[in-house]
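This report is written for a reader new to the structure. It takes up selected residues, ring pairs, nonpolar cores and one helix pair in turn.

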Amino acid sequence: MNLNPSTPQPLYMQIRQMLKNDIQQGKYQPDEQIPTEAELCDIYNVSRITIRKAIEELVKEGTLTRVPRRGTFVTTNKFHNELLSVSGFSEFSHQLGMIPNSRILRSEVIPASEEVAGHLLIDVGSPVLELERLMYVNDHPLFYDIAHFPLIRFPDLEKKIAMDESTYKTLSKEYQTEIISNDKIIDVIGATTDYAKLLECDVGANLFRILKIAFDANDEPVHLSTFMCETNKVNLTIHRAK
């Protein structure tokens, strides 16, 4: 496809389509950096203003992502996380046909803070398992998670949590507890230095912060989790009830 200055379609829109065609045909892969604005000016023999407008259009539609001080990249294919789903991380990954894996960064029994106790409906100071994990899909970090489980209800859970097994399966097998529903509170924060290192993203990148309280069949809280993930890697969706 060559630029046609005689057509009513502006040059920047023609370049936008040509770049999009290159991405769709695999010339530029997800997470791959595209040529710089200066390089694109030479490739298409147009002004930098024209190139910048074409790129801005692709950024607006989500095809490209600008990374400060690094350049412009093809957007990563997003995972779709159903907000109303009650599945755990392993189940979520298998539904996508992906290979899940998690790394336990820290497992510690601590006294419940006022916030944790309030969500789990236990006394302040009651023992809880604080589980800090990094969750991978196809060997790439997707979620950073800090979870709290009441040990009054799940004694010795810290001894039964396995690196390679779904926590929800452990709760079902060892404590006959099934997750039936959950509440989620979502906001967006900037990645701190620590979060950026764990999630392999830039400092200041937008992260979803998802606070989840999971409930059993008796509507009693089972655990409290706070997830972090890059907003450009996950779409949060809500489907209509059937």
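In this predicted model, residues further than four places away in sequence that are in contact with D216 are R153, T177, E178, I180 and V222. D216 itself is found in the loop that runs between β8 (206–215) and β9 (221–230). With a relative accessible area of 7%, D216 falls under the 20% cut-off and is therefore buried. Its side chain also makes a polar contact, reaching the backbone nitrogen of N218 at 2.9 Å.

**Aromatic pairs**

Three aromatic pairs are found when the whole structure is searched. Two of them are set out below.

| Pair | Centre to centre | Angle between planes | Arrangement |
|---|---|---|---|
| F143 and F227 | 5.6 Å | 70 degrees | edge-to-face |
| F154 and Y175 | 5.2 Å | 75 degrees | edge-to-face |

Because F143 lies in strand β6 (residues 140–150) and F227 in strand β9, their pair ties together parts that are 84 residues apart in sequence. Both F143 and F227 are buried.

In the pair of F154 and Y175, the ring planes stand at 75 degrees, and the arrangement is edge-to-face. F154 is placed in the loop between β6 and α6 (157–160), whereas Y175 belongs to helix α7 (residues 167–175), so this pair ties together parts that are 21 residues apart in sequence. F154 has a relative accessibility of 1% and so counts as buried. Y175 is likewise buried, because its relative accessible area of 14% is under 20%.

**Nonpolar cores**

Which residues have the most contacts inside the largest nonpolar core? They are I15, L19, I34, L40, Y44, I51 and L64, in a core that has 17 residues. The elements giving two or more residues to this core are α1 (11–24), α2 (37–44) and α3 (48–60). Of these, α1 gives the most, with five residues.

L64, one of the residues with the most contacts inside this core, can be described further. Leaving aside neighbours within four places in sequence, L64 is in contact with I23, I34, I55, L58, V59, T72, F73, V74 and T75.

A second core, separate from the one just described, has 14 residues, and among them are L131, F154, Y175 and I179. F154 and Y175 thus appear both in this core and in an aromatic pair.

**The helices α2 and α3**

How do the axes of α2 and α3 cross? They come within 9 Å and cross at roughly 110 degrees. This angle lies in the range of 65 to 115 degrees, so α2 and α3 are roughly perpendicular to each other. On the α2 side, E37, A38, L40, C41 and Y44 meet R48, I51, R52 and I55 of α3.

**A residue in strand β4**

S107 has its place in strand β4 (residues 100–111). Is this residue buried or exposed? S107 is partly exposed, because its relative accessible area of 39% lies between the 20% limit for buried and the 50% limit for exposed. Apart from neighbours within four places in sequence, S107 is in contact with L129, E130, L131 and E158. One of these, L131, is included in the second core. The C-alpha atoms of S107 and A147 are separated by 9.7 Å, and these two residues are 40 residues apart along the chain.

How values were computed: Residues numbered from 1 in each chain as written. Predicted model: local features only at pLDDT ≥ 70, side-chain atom pairs only at ≥ 80, totals over all residues. Heavy atoms only, no water. Helix = DSSP H or I, 4+ residues; strand = E, 2+ residues; numbered from the N terminus. Buried < 20%, exposed > 50% of the residue type's maximum accessible area, 1.4 Å probe, protein only. Polar contact = N/O pair within 3.5 Å; in protein donor to acceptor, adjacent residues only side chain to side chain. Contact = heavy atoms within 4.5 Å. Phe/Tyr/Trp six-rings, centres within 6.5 Å; stacked < 30°, edge-to-face > 60°. Core = buried A, V, L, I, M, F, W, Y, C linked by side-chain atoms within 4.5 Å. Axes fitted to C-alpha atoms, helices over the stretch in contact; angles between N-to-C directions. Parallel < 35°, antiparallel > 145°, perpendicular 65-115°, else oblique.
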